[in-house]
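Here is a short briefing on one protein chain. It covers the fold elements, the surface, an aromatic contact and a few single residues.

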Amino acid sequence: MGGKSKGKGSGKGKGKGGKKSKKATVEVDILSPAAMLNLYYIAHNAAACLEFRGFQWPGSLKKKGKKKK
């Protein structure tokens, strides 16, 4: 029972330094039929459509999160 343990947190060792690989980004067509069908169901007007696609204007209101009680 007097042996050294090599469990978690014991000893000074080098951390595992894994290489971070970059994933290739895929260009998505936001005007494709599938994207338009999805947009039809989630957007209620043209302004909402543009906001969902990332084209916001400076004076637009930002959505607030739910308040916890």
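Helices and strands here are DSSP runs: H or I over at least four residues for a helix, E over at least two for a strand, numbered from the N terminus. By that rule, the protein chain has 2 helices and 0 strands. The model is predicted.

**Overall exposure**
- The protein chain counts 69 residues, and 7% of them are buried.
- About 7,900 Å² of the protein chain is exposed.
- Carbon and sulfur atoms supply 59% of that exposed area.

**Aromatic contact**
- How many aromatic pairs does a search of the whole structure find? The search returns 1 aromatic pair.
- Y40 and Y41 form that pair, with ring centres 5.2 Å apart.
- Their planes meet at 80 degrees. Over 60 degrees counts as edge-to-face, so the Y40 and Y41 pair is edge-to-face.
- Is Y40 buried or exposed? Y40 has a relative accessible area of 62%, and the exposed class begins over 50%, so Y40 is exposed.
- Y41 is exposed too, because its relative accessible area is 61%.

**Nonpolar surface patch**
- I30, L31, M36, L50 and F55 make a nonpolar surface patch.
- The area of this patch is about 480 Å².
- One of its members, M36, sits in helix α1, which spans residues 33-42.
- M36 has 38% relative accessibility. That value lies between the 20% and 50% cut-offs, so M36 counts as partly exposed.

**S60 and its surroundings**
- Where is S60 found? S60 lies in the segment after α2, a helix that covers 46-52.
- S60 counts as buried because its relative accessibility is 18%, and buried means under 20%.
- S60 and A47 are 13 residues apart along the chain.
- The C-alpha atoms of S60 and A47 are separated by 9.5 Å.

How values were computed: Residues numbered from 1 in each chain as written. Predicted model: local features only at pLDDT ≥ 70, side-chain atom pairs only at ≥ 80, totals over all residues. Heavy atoms only, no water. Phe/Tyr/Trp six-rings, centres within 6.5 Å; stacked < 30°, edge-to-face > 60°. Buried < 20%, exposed > 50% of the residue type's maximum accessible area, 1.4 Å probe, protein only. Patch = residues over 30% accessible without salt bridge, like charges linked within 9 Å, V, L, I, M, F, W, Y side chains within 5 Å. Areas by Shrake-Rupley, 256 points an atom, 1.4 Å probe, with all protein chains shown as cover. Salt bridge = Lys/Arg side-chain N within 4 Å of Asp/Glu carboxyl O.
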